[in-house]
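Visitor: I should like to study this structure with you, one question at a time. May we begin?

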Amino acid sequence: MASSDAPLLEVSQLRIKLPTPQGLVTIVDGVDLVIEAGKVYGIAGESGSGKTITALSLLRLLPQGAVVEGRAMLGSRDLLALGRSDLRSVRGREVAMVFQDPMTSMHPMIPVGRQLTDHLRAHLRTSRANARRRAIELLTDVRIPDPEGALRSFPHQFSGGMRQRIAIAIALACEPKLLLADEPTTALDVTVQAGIIRLLDRLRRETGVAILLITHDLGVMSSIAEWVSVFYAGRVVESGRTADIIGDPRHPYTRGLLGSLPAFGTDAEAVPQLRPIAGQPPSPADRPAGCPFHTRCDYAEDRCTKQLPELLQMTGGRGLACLVDPGAA
Amino acid sequence: MNVIELRDVHVEYRRRGRSPVPAVVGASLEVGRGQIVGLVGESGCGKSTLAQACVGLVKPSGGAVLFEGKPVTPLTRRSRPADERRLQLVFQNPFSSLNPRRKVGAQIADGLRIAEDRADIAQGARVTEILQQVGLPAATADRFPHEFSGGQRQRIAIARALAAAPSAIVLDEPLSSLDASAQAQLANLLMQLRDDLGVAMLVISHDLGIVHQIADQVAVMYLGQIVETASRAQLWREPLHPYSRALIASIPHADGAGHLPSALPGEVPDPSRPPSGCRFHPRCSVAVQRCPADPPPVFALAGDRTAACWLQDPAEHAGSALGPPQLELPAPGT
């Protein structure tokens, strides 16, 4: 897409159906992503748009009965078609994940140190002493005060921000090439969030790890992600460089998301009203025909109710899936 | 007259066999008629405790909580005094605060019945009217809470509070856990209710961005104390307390510029063992010699704002060339 060397991960035409009481329901519907080493790639969108399911599918963590189509090439290997033993060597070793709530992703009754070293020893087959040394190094790297003491502590003894730092240390222990970060700062205070954003940015620069960042917060996205795809109802409706997408949004949904945010930098006595998108996102089992956004779109025309817009490539690596394109100059 | 007034409120949580945890340590705050006051701060700063003290859910260990000029009675086994029904609380999580087994209309009618003190009034029309006020269709009344999204459920919770014809509503994190567009819809609703019905609101939030959008006045809380109060525009234009400045600088902006937000070093200290002097001094980038020794009082400053920071001490600035933010004596009686 942008750089000349081969991308780290290339997802093409990813389609995911999940079993529900109403039968198989399409959650993700033809998603393409290209992630380069050392870059942060963002996925933005509301709850239920398929962001998390997309990330989980890359580690094959979907519920039983899920139907996945498409390809996710990590180098020459397709993550979606790996056998059991290959999968074991990829998970945590080449692709790692950080979740929104580190309290649920760490074992509450095992000291932090063992959670770090077990993982290191399993993948890297290193000695106990070496693993311990590396664990201290990792905790220092994510700025945990008193790393030696931290090894003996349990997850509940840390604050939310510190727990998330430890979760990141565990994820990065085996120097994965790709880190999937699903809303890593959503549960945190804004001051702590700023620290985690800065940490991810530093790790990306120092270790060259690529980060797939899932967040509904366009502020977080704007500060750290170089590329972004905006998801709506399981499809990418707009993608490109974050600065372009946020500076000049073309899709009515992206414009709506940005219009929903409080205006900063205005110190006027009267604040302008927010311009939220009307209505609610459709449930995956009940997505409208044509463009899935047409029911909430201010610019919708007759054809939008019938025809599904494809993601068309434009200049500067941008993509847009809108028949009307009201943002065109 | 202020609808809600907190005067030097202290709240302690007792622990068996250990010293009590002081969660709120001398907080004073006023909410005027038809005004939205935002109370912001990090987790663990005591803002939810203060909200609960406001409506009498926890008993202050010191100071006074006044609603329409009269002390709020802490909740006991007895029924709440009739006058205090005009003071309502909306919780953060409408999944747990709404009864899952009763229809929405019945839950709103409860509020009406209590407010009117009669069981036989015609409720159907009034329920519809209240639902319309929060932007929900009349058919909502015949459905159950689980049939609605998070944003709609929060509207239902607000409708239930409105049924009691309140003059003030305390809302504890009403907008967190919602998507951006649902959050914006609800923020607009709160401003509209303030303007149309003249309801005063105390909005507790960790999100300074959304508070900046809806509040007339903002109070910033740190470790049990209110460290700064100012009008929305003042606080944004010229935050005086270093903690307020840090909060504002840590907000990531969706401007496409790719600036990293500034992190505030350190953690919120344990409230049972607060730092000496100014409680913020270990994390403060501009602390001076005096800060670890003396706790700063709340200085009343020009522009009807306050700050608890030695750098804002009007006496210190009296002779300096830079000058303080102009010195103004607090008006008597405020």
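Visitor: In which loop of chain B does Leu75(B) lie?
Guide: Please note that this is a predicted model. Two strands of chain B frame the position of Leu75(B): strand 5 (70–71) and strand 6 (87–90). Leu75(B) therefore belongs, with its 47% relative accessibility counting as partly exposed, to the loop between strand 5 and strand 6.

Visitor: What is the accessible area of the nonpolar surface patch that Leu57(B), Leu75(B) and Phe91(B) form together?
Guide: Leu75(B) joins Leu57(B) and Phe91(B) in this patch on the surface. Together, the accessible area of these residues is about 260 Å².

Visitor: Is Glu173(B) buried or exposed?
Guide: Glu173(B) is found in the loop between strand 7 and helix 6 of chain B. Its phi is positive, about 50°, although Glu173(B) is not a glycine. Buried means under 20% relative accessible area. Because the relative accessible area of Glu173(B) is 8%, this residue is buried.

Visitor: How are helix 5 of chain B and helix 6 of chain B oriented to each other?
Guide: Helix 5 (residues 150–163) and helix 6 (residues 180–197) of chain B have axes 11 Å apart and pack at an angle of about 20°. Angles under 35 degrees count as roughly parallel. Helix 5 of chain B and helix 6 of chain B are therefore roughly parallel.

Visitor: In what kind of crossing does helix 4 of chain A pass helix 7 of chain A?
Guide: Helix 4 (residues 112–124) and helix 7 (residues 160–172) of chain A pack at about 20°, with their axes 9 Å apart. The crossing of helix 4 of chain A past helix 7 of chain A is right-handed.

Technical notes: Residues are numbered from 1 along each chain as its sequence is written. Chains are lettered from A and ligands numbered from 1 in the order in which they are written. This is a predicted model: local features need pLDDT of at least 70, side-chain atom pairs count only at pLDDT 80 or more; totals for chains, interfaces and linings use all residues. Side-chain values use heavy atoms; hydrogens and water are left out. Patches are made of residues with over 30% relative accessible area and no salt bridge: like charges are joined within 9 Å, nonpolar side chains (Val, Leu, Ile, Met, Phe, Trp, Tyr) within 5 Å. Accessible areas come from the Shrake-Rupley method with a 1.4 Å probe; for residues, only the protein chains shown count as cover. A salt bridge is a side-chain nitrogen of Lys or Arg within 4 Å of a carboxyl oxygen of Asp or Glu. Helices (H or I, at least four residues) and strands (E, at least two) are DSSP runs, numbered from the N terminus. Buried means under 20% relative accessible area, exposed over 50%, partly exposed in between (1.4 Å probe, protein chains only). Axes are lines fitted to C-alpha atoms, for helices over the stretch in contact, and angles run from 0 to 180 degrees between N-to-C directions. Angles under 35 degrees count as roughly parallel, over 145 as roughly antiparallel, 65 to 115 as roughly perpendicular and the rest as oblique. A crossing is left-handed if the near helix is turned anticlockwise from the far one by less than a right angle, and right-handed if clockwise.
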